[in-house]
Amino acid sequence: MQRNGKGGGATRKERLMRAKMKKKQQDEDASSNGAVAATTFEDILQMSDLSEMSLLENLRRRYENELIYTYVGPILIAINPYKPLDAIYSEQKMTEYYGKTMGALPPHVFALADHAYTQLIQGGALDPANQSIIISGESGAGKTETTKIIMQYLARATSYRKHPNEDAAHHVAANPANGTVSRTLGKLEERVLESNPLLESFGNAKTLRNDNSSRFGKFIEIQFDHHGKIVGAEIMNFLLEKTRIVSQSIGERNYHIFYQLLAGADDDMREKLQLKTPHDYEYLRKSQCFTIQSCDDAAEFQTTKHCMSTIGINEERQERVFDLLAAVLHLGNLKFATENETCVPADEMSREGLKLVATLLKVSEDALQRALLTRQLYVGGKVIVQQQNVDQVRDKRDALAKAVYSSLFLWLVSELNRTISRPQDKWGFIGVLDIYGFEKFEWNTFEQLCINYANEKLQRHFNQHMLEVEQEEYTKEGIDWKHIDFLDNQACLDLIESKPNGKPGIFISLDDIWRLKGEEANKKFVAILHASFGRDPSGSQSTTKNQNDFYIHPKVDASLHFGIKHYAGEVIYDASGFNDKNNETLNDDMKELIKQSESDWVRSIFDLNVQSMEAMPGNNAKRPSENVSRRPDGAAGGGGKSRNLREVSVGAQFRFQLQELMGKISLANPRYVRCIKPNEYKRSGELNDVDCARQLKYSGMMEAIQIRQRGFALREDHDVFFYDYQSLAPQAETVNELVEEISDMLGAGKDQWQLGKTKVFLKRTVAFKLRKLEVLRGKAAARTLQKWCRNMKLNDCAIKIQTKARQFVAKKRLFKLRRAAYMILSILRMRVAVANYQRLVEEYRYKNVKAVVVQKVARGYLVRKKNLLHPFEGLGPKELDQKISEMEVAIAQAARDKQFEKCANLQKDLEKIVEARKKVRTAKEIDGEIQKLNEEMEQAAKNKQFARCAELQKKLEELQEVRKNVKEDLNELEPSELDERIRGVEAKIAEAMSARNFEKCGQLQGDLDVLVAARKKKQTPEELDAEIEKLNNEIASLMQRKQFDKY
């Protein structure tokens, strides 16, 4: 027997040490991700008690702490945070996840994308391992945003990977820090991402649950070359909801582009296309919803035009696109009536509308009228013109509108692919599928049936993939396993698309009643379903068992209602309008009409749509010669194209497109992202249990969990298992011996556990018992330890008492020693202090004598210097200015008298007076110099001349000190300066009054009086005239009032 599960040479001690290191690493990883991550499960399948309540609690705790990603085995759950989380999508985070195995780091969409990319580039050179990422969820759950994030990561991942033939120079260019590759990839990514507003305008609409609901599936095929570099991308659209073009539910809207066109078209376009408001169009006003809160359709229209220009659609082609959109709107307003058993336009407005539609489609008015009102049949080589009734004409009108719009949508996608797709360079691909999730409303119609049918298909593919993942792991570990039973939904799919037990299914039965019209057709359709799959008519009246287990026969209002037991729950459908929505009446008359269009572009986009429909199986099947043909060469033996009376229905087109989608997905290794909308109000940090549980059920998560639980739910590494449970069998040396002994304890056989090459596999029941047994063993060990601890505590108490007694004696002896030491220290400090005091006294006396000598010398020097350098010390600024003026006059007079020697002597005296004047400055001059120094210091600081700043600061301080000792002469101030000071003092008086500081008010009033008196001395003539005028007016006023005493 081997001594361990991983190798034969490890001892028990080595195994425990290795397991301890693994546990320590796991704990460190958990702690690095935060306390919440350590107490929650990153993979839900690791939970021992896996119920709906525990699952929701785990998701809530993670979501409340901005941990929006959680694994369910290989599946990723992503909960919309409804707020930006830039940190988890940064460049650093991308680098962190690059090249890491899935599960090595916390759950993230980067990990899923990186795993897909790694698997792709590890495929064979001739047979690449193509990958697909299937993103599903409700409207508003974040599917489109997740698609963008995945594309951004893949674009970045290719820049990290080095080309095998690159030299050093190329490697530098590919370095992410360089940015060249990033910019190249960014252009491709930008084109794909900027296509979103365009696709949203033409493919999104307002529904009852989402203002911007995607009404088509989108499969983005990101193309790689054999070096792992992105070379292009191709967008494939699936399952466009055509019925929305002609009818919507109450409270919903048609596609955004119609409202954008009506809101954003300029006057010229509005006049040319005869555009009005959404209330004026039959295809828009049925739903009674025309606007979306916080959405500007006019601004969105400009964005749509910009996107069209970005992908290379010029202005002229854009005008043709808007012509077709206007044609669809005007088609819906055409009304018809019956006159003399012939269907004709109902009124003049309809005739004008018919003419306008013909103009927009570039066809003749007569040809359009014939195509709508009549039908040509070829029988026996003869042409038979069959008149159409009003209902048939209305169906053909709606079919033409749907064909125009769907053809336009297909053309837009093809134009986008033309700019970014490079199939010639493609080696492999990673596909990203963004498709709407399961829907269940109070009122479910034909659209919900198609959507839920698509989700049933994807769920079956999902279940099969989950089984393959489980079985691959069992095979890889080399354990014995048997087939896992699970609820297969193939019977439900057969009920919808096939012929279960030879009876036509739902879609086939709907196609069979195409000749009938109105509610009669819908009731006939439901009656066929009830008869084929409903309650058994041969049984008793009290029985409720249906002939098909997945069919629901309602007990009330059963004439127009039927139900299906989907994987996500039971859904009751209202068959009202099913037949009208299913009919695609674009017959040969309509095709011939489009072929007659004068616009090559209109013909080309319709050819693209017709080719896609004719490619469907059964659409061009040969018929016997006796069939009614649309052309003379359609008879037997003619070898020409034969024709069914019936066009391919919407349901048939839907099934074919879905088959194409499943075929595309089946070529790649799938991965799944389930997007969850936490609440209906778009509030961050709030998770509604009911909404979340419903979405988990609709996304098939519970089935995935059940598949894992029906197998071996618990899987643990050999070393970790040995470390966790070796206490249950201490004598076991290897994991084999440990598992066998535990199995004997629990009475579990091989069907309950398996020992793989690297892991131990346990059924859920055994895992639960094992954990419970470990808890009981731990409690028993704890009781033993508690008893031993109590005995140890008694010994510890005795030792503590002895310690306290010895401590008391030692402290007492120490206190006496310290008291004696403090006494000695006090005496020593006193002696030292006395000696220091005596020394300081002697030094003070000596310094005092010397200071007196210095003062004497200084005073004498200052007196002598004052008499020599300042002969004008007693003169003030005015006297010095007067002397300077007198000296200048004397010098001028001496110069006129040509007494040049006297001029020289007077000039010397003038220079002395000027020098003295510089030292005798007024307060105003000093303030000017202070202001100038402040300006110079600010300039020096700006120029970072800090040494200059220090010099200026020193001069500034000296001037400020001089300014304190210079009394200000108010007579030197200009009138404007006096006015400014008066206003400042008045403001201060007002502040003091408001603060009731009357003492300060008195002081300020004195200052104000001085300033006012000085100002009156400097009144200008104008001010004096104004004052005289004022006094004259007052005198006149007093005289009028006869107040002569005041006069």
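This is a conversation about how some words used for this predicted model are justified.

Reader: What kind of model is this, and how are residues numbered?
Author: The model is predicted, so local features need pLDDT of at least 70 and side-chain atom pairs count only at pLDDT 80 or more, while totals for chains, interfaces and linings use all residues. Residues are numbered from 1 along each chain as its sequence is written, and side-chain values use heavy atoms, with hydrogens and water left out.

Reader: What makes a stretch a helix or a strand, and how many of each are in the protein chain?
Author: Both are DSSP runs, numbered from the N terminus: helices are H or I with at least four residues, and strands are E with at least two. The protein chain comes to 36 helices and 19 strands.

Reader: Why is N548 called buried?
Author: Buried means under 20% relative accessible area, exposed over 50%, and partly exposed in between, with a 1.4 Å probe and protein chains only. N548 has 10% relative accessibility, so N548 counts as buried. Across the protein chain, buried residues make up 45% of the 1047 residues.

Reader: Where is N548, and which residues does N548 touch?
Author: N548 is in the loop between α20 (518-533) and β13. Leaving aside residues up to four places away in sequence, N548 touches L495, P500 and F533. Such a contact means heavy atoms within 4.5 Å.

Reader: What does the side chain of N548 reach, and at what distance?
Author: The side chain of N548 reaches the backbone nitrogen of F550 at 2.8 Å. A polar contact is a pair of N or O atoms within 3.5 Å; within protein, one must be able to donate a hydrogen and the other to accept it, and residues adjacent in sequence count only if both atoms are side-chain atoms.

Reader: What makes β13, β14 and β15 a sheet, and why do β13 and β15 stand at the edges?
Author: Two strands pair if DSSP finds at least two bridges between them. Six bridges join β14 (residues 561-566) to β15 in an antiparallel arrangement, and in β15 G569 is the bridge partner of H566. The three strands form an open sheet in the order β13-β14-β15. β13 (551-552) and β15 (569-574) each have a single partner strand, so one side of each is left without a neighbour in the sheet.

Reader: Which helices lie across these strands, and at what angles?
Author: Helix α17 (residues 446-477) lies across β14 and β15, at about 150° to β15. Helix α18 (residues 490-497) lies across β13 and β14, at about 150° to β14. Axes are lines fitted to C-alpha atoms, for helices over the stretch in contact, and angles run from 0 to 180 degrees between N-to-C directions.

Reader: How do you know that β6 is mostly covered?
Author: Eight of the eight residues of β6 (residues 217-224) are buried. One side holds G217, F219, E221 and Q223, and the other K218, I220, I222 and F224.

Reader: Which strands pair with β6?
Author: Eight bridges join β6 to β7 (residues 230-238), and seven join β6 to β12 (residues 428-436). Both pairings are antiparallel. F219 has M236 in β7 as its bridge partner, while I220 stands opposite V432 in β12.

Reader: What do β6 and β7 form, and how many residues are between them?
Author: β6 and β7 form a hairpin with five residues between them, and G228 in the turn has a positive phi of about 85°.
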